Amino acid sequence: MTHTPGDATPPAPVRVLAINPNTNPTVTQRVREVLQAQAPPGVIIEAESPHQGPRAVESGQDKTRAAGHVMALIESRMAQGYAGYILACFDDIAVAEARALTGAPVVSLAEAGIRRADATGGPFTVITTFEGAVATIESLCERYGVKERCRVVATGIGVSETAARTPLAETRLASLCERARAEGARAIVLGSGAFAGRGAQLTRRHGLPVMDGFAEALAFVLLQAELMRDRGT
């Protein structure tokens, strides 16, 4: 039987699950909106957060609690056939565990954003929220082999206030972006899921690439999922 192009069965949509490890609904909604706006045709984005856990991940105890709830969420949704997972936080919360459990592409905003910024070929700055996050991000940069080219600074504003874009949070963010440019940074990475969707606006305002990790994470997951399909894995 001869098939015309019109007879071809359209490919099944590619589904990606983004997980906000904290329970702040404002952050989760922004994660959903940002990724949906960036998704190419045929890609369906779902964004969720655990029903329980910290509202903001700002301590080692918060991180431990969040990781357990993230893994429980993934376990409950695995059967739905996601091509990959994005952990929408600037840490590696449950990344290794999720990769081992799912066998699918899993990436955090941290790894995706930092590796893309490093690819610009020069020094770059990570701007995070509260001061306690600086040491964690510096450890990630060391793990990724980019610590010598990366400077990590904090606005001193918590995750919830940053997500709400209070005047003080916005002033601190703008000041650190200007400082990074003045100090010769070739790129800025926004080091928190609370900065979701800010990259393009800040790029125009400050005249150098500013990335929040979302586009980079989505591109990574989709590419790795395609490679796995091509290999038949």
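Helix 2 and helix 3 are roughly parallel to each other, and I will start there because the angle between them is under 35 degrees. This is a predicted model, so please hear everything that follows as a description of a prediction. Helix 2 covers residues 60-77 and helix 3 covers residues 95-102. The packing angle is about 20 degrees, and the axes are 10 Å apart. The crossing of helix 2 past helix 3 is right-handed. On the helix 2 side the contact uses M71, I74 and E75, and on the helix 3 side it uses E97, A98, L101 and T102. Sorted by class, that contact has four nonpolar residues, one polar residue and two charged residues.

Just before helix 3 there is a backbone detail. A94 sits in the loop that runs between strand 3 and helix 3. Its phi is near 65 degrees, which is positive, and A94 is not a glycine. A94 has a relative accessible area of 3%, so A94 is buried.

Now the sheet that helix 2 packs on. It is an open sheet of four strands in the order 2-1-3-4, and the pairing is parallel. Strand 2, residues 43-48, and strand 4, residues 106-108, are the edges, each pairing on one side only. From one strand to the next the twist averages 20 degrees. Strand 3, residues 84-87, runs parallel to strand 4 and is joined to strand 4 by three bridges. One bridge pair to look at is Y85, whose partner in strand 4 is V106.

Which strands does helix 2 touch? Helix 2 touches strand 1, strand 2 and strand 3, and its direction makes about 160 degrees with that of strand 1. Helix 1, residues 25-38, lies across strand 1, strand 2 and strand 3 as well, and runs at about 170 degrees to strand 2.

For a residue within this sheet, take V16, in strand 1, which spans residues 14-19. Is V16 buried or exposed? The relative accessibility of V16 is 1%, and therefore V16 counts as buried. Leaving out residues up to four places away in sequence, V16 touches V43, I44, I45 and E46, then Y82, G84 and I86, and also L218, V221 and L222. V16 and A39 are 23 residues apart in sequence, with their C-alpha atoms 9.7 Å apart in space.

Next is helix 4, residues 109-118. How much of helix 4 is buried? Eight of its ten residues are, so helix 4 is largely enclosed by the rest of the structure. The buried residues are L109, A110, E111, A112, G113, I114, A117 and D118. That list includes E111 and D118, and both of those count as charged.

On to the other sheet. This is an open sheet of four strands with the order 6-5-7-8, again with parallel pairing. Its edge strands are strand 6, residues 150-154, and strand 8, residues 210-211, and each of these pairs on one side only. Strand 5, residues 124-128, and strand 7, residues 187-190, run parallel and are joined by four bridges. F124 has A187 as its bridge partner in strand 7. Helix 7, residues 167-182, packs on this sheet and touches strand 5, strand 6 and strand 7. The direction of helix 7 makes about 170 degrees with the direction of strand 5.

Ahead of helix 7 there is another positive phi. R165 is in the loop between helix 6, residues 159-163, and helix 7. The phi of R165 is about 55 degrees, and R165 is not a glycine. With a relative accessibility of 35%, R165 counts as partly exposed.

The last item is the packing of helix 7 against helix 8, residues 199-206. Two packed helices are described by the angle between their axes and the distance between the axes. For helix 7 and helix 8 the angle is about 55 degrees, and the axes are 11 Å apart. That angle makes helix 7 oblique to helix 8. Helix 7 passes helix 8 in a right-handed crossing. Helix 7 contributes L173, A174, C177, E178 and R181 to the contact, while helix 8 contributes L202, R205 and H206. By class, the contact has four nonpolar residues, one polar residue and three charged residues.

To go back to the opening, helix 2 and helix 3 are roughly parallel, and helix 7 is oblique to helix 8. That is the end of the talk.

Note on methods: Residues are numbered from 1 along each chain as its sequence is written. This is a predicted model: local features need pLDDT of at least 70, side-chain atom pairs count only at pLDDT 80 or more; totals for chains, interfaces and linings use all residues. Side-chain values use heavy atoms; hydrogens and water are left out. Two strands pair if DSSP finds at least two bridges between them. Helices (H or I, at least four residues) and strands (E, at least two) are DSSP runs, numbered from the N terminus. Contact means heavy atoms within 4.5 Å. Axes are lines fitted to C-alpha atoms, for helices over the stretch in contact, and angles run from 0 to 180 degrees between N-to-C directions. Angles under 35 degrees count as roughly parallel, over 145 as roughly antiparallel, 65 to 115 as roughly perpendicular and the rest as oblique. A crossing is left-handed if the near helix is turned anticlockwise from the far one by less than a right angle, and right-handed if clockwise. Buried means under 20% relative accessible area, exposed over 50%, partly exposed in between (1.4 Å probe, protein chains only).
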